[in-house]
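Colleague: I'm new to reading protein models, and I'd like some help. Could we go through one together, feature by feature?

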Amino acid sequence: MDALTRLHRSLVGGDDEDQPEDSILADTEDLCSLSPLQRIYAFAACLVAGLTLMILSFIVFARPIKFAVMFTFGNILAVGSTAFVMGPQKQLRMMFDPVRLYATAVYVGCVVLALIFALWIHDKLLTLIAVICEICALFWYSLSYIPLARRMVSDLMVKFCDTEL
């Protein structure tokens, strides 16, 4: 039994003989030939590479087309890194849950638009608008994984933007 399995069982509270069938490790066991530790390493490598690309993209912020390409590919790497942990099928299922469907659609649409504006149309303003929308959509999508976070942010925005006294 490897260290990740023992850690998971200690966190879940199960015995060594009694592993639940719907656990994360059970779902990903037949995912690929990678061990759980190798999947964690791949997840970390993709996440770090994505975050590095996103941070480095701000160096070329004055060149919006280069910025958008680096930022978008970094964003895709960072979001896609979770496929190593939970598997691509489960990740896609979770992305297209009714709770996250609109945020996923807006996020994917903004990613596509940012790349089209940057690589094909070469319009700096539209590229920056698409990247800003992409960031907002990813933020809203990420909030869907935290219970009641979307409602709290919505209520805060209504309070901050309310013009009535």
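Colleague: Let's start with charges. Which residue forms a salt bridge with Asp97?

Modeller: Before that, one thing to keep in mind: this is a predicted model. Now the general idea: side chains of opposite charge can pair when their charged atoms come close. Here the partner is Arg100, and the closest N and O atoms of Arg100 and Asp97 are 3.1 Å apart. The cut-off for a salt bridge is 4 Å, so this pair makes it. The count for the model comes to one salt bridge.

Colleague: And is each partner buried or exposed, or something in between?

Modeller: You look at relative accessible area: under 20% is buried, over 50% is exposed, and partly exposed is in between. Arg100 has 9%, so it counts as buried. Asp97 has 29%, so it counts as partly exposed.

Colleague: Good, let me zoom out. How many helices and strands does the protein chain have?

Modeller: Nine helices and zero strands. If you read the elements from the N terminus on, you get α-α-α-α-α-α-α-α-α. Of the 165 residues in the chain, 30% count as buried. The accessible surface is about 10900 Å², and 71% of that belongs to carbon and sulfur atoms.

Colleague: How do I see which parts of the chain come together?

Modeller: You compare separation along the sequence with distance in space. For the whole chain, take the contacts between residues at least 6 apart in sequence: 54% of them join residues at least 24 apart. For a single case, try Pro64, which is found in helix α4, residues 64–80. Pro64 and Leu128 are 64 residues apart in sequence, yet their C-alpha atoms are 6.5 Å apart in space.

Colleague: Which residues is Pro64 in contact with, leaving aside its neighbours within four places in sequence?

Modeller: Lys124, Thr127 and Leu128. Pro64 has a relative accessibility of 6%, so it counts as buried. Helix α4 also holds Thr72, and its relative accessible area is 0%, which means that Thr72 is buried. Not counting residues up to four places away in sequence, Thr72 touches Val111, Ala114, Leu115 and Glu134.

Colleague: What about a residue in a loop? Where is Thr82, for instance?

Modeller: Thr82 sits in the loop between α4 and α5. Its relative accessible area is 25%, so Thr82 is partly exposed. Leaving aside neighbours within four places in sequence, Thr82 is in contact with Phe43, Gly87 and Gln91. Thr82 and Arg39 are 43 residues apart in sequence, and 9.5 Å separates their C-alpha atoms.

Colleague: Now two helices side by side. At what angle do the axes of helix α8 and helix α9 cross?

Modeller: The trick is to picture each helix as a line and compare directions. The axes of α8 (residues 124–143) and α9 (residues 149–161) cross at roughly 130° and come within 8 Å. That makes α8 oblique to α9. On the α8 side, Phe139, Trp140, Tyr141 and Leu143 take part, and they meet Ala149, Arg150, Val153 and Ser154 in α9.

Colleague: I've heard of phi angles. Which sign do they usually have?

Modeller: Most residues other than glycine have a negative phi. This model has cases that go the other way. One of them is Leu148, with a positive phi of about 65° although it is not a glycine. Leu148 lies in the loop between α8 and α9. With a relative accessible area of 68%, Leu148 is exposed. Another is His122, which has a positive phi of about 60° and is not a glycine either. You'll find His122 in the loop between α7 and α8.

Colleague: Last one: surface patches. Which residues form a nonpolar patch on the surface?

Modeller: Here you look for nonpolar side chains that sit together on the outside. The patch is made of Val108, Val112, Leu113, Ile116, Leu119, Trp120 and Ile121, and together they have about 660 Å² of accessible area. Take Ile121 as an example: it lies in helix α7, residues 101–121. Its relative accessibility is 42%, so Ile121 counts as partly exposed.

Key:
Residues numbered from 1 in each chain as written. Predicted model: local features only at pLDDT ≥ 70, side-chain atom pairs only at ≥ 80, totals over all residues. Heavy atoms only, no water. Patch = residues over 30% accessible without salt bridge, like charges linked within 9 Å, V, L, I, M, F, W, Y side chains within 5 Å. Areas by Shrake-Rupley, 256 points an atom, 1.4 Å probe, with all protein chains shown as cover. Helix = DSSP H or I, 4+ residues; strand = E, 2+ residues; numbered from the N terminus. Buried < 20%, exposed > 50% of the residue type's maximum accessible area, 1.4 Å probe, protein only. Axes fitted to C-alpha atoms, helices over the stretch in contact; angles between N-to-C directions. Parallel < 35°, antiparallel > 145°, perpendicular 65-115°, else oblique. Contact = heavy atoms within 4.5 Å.
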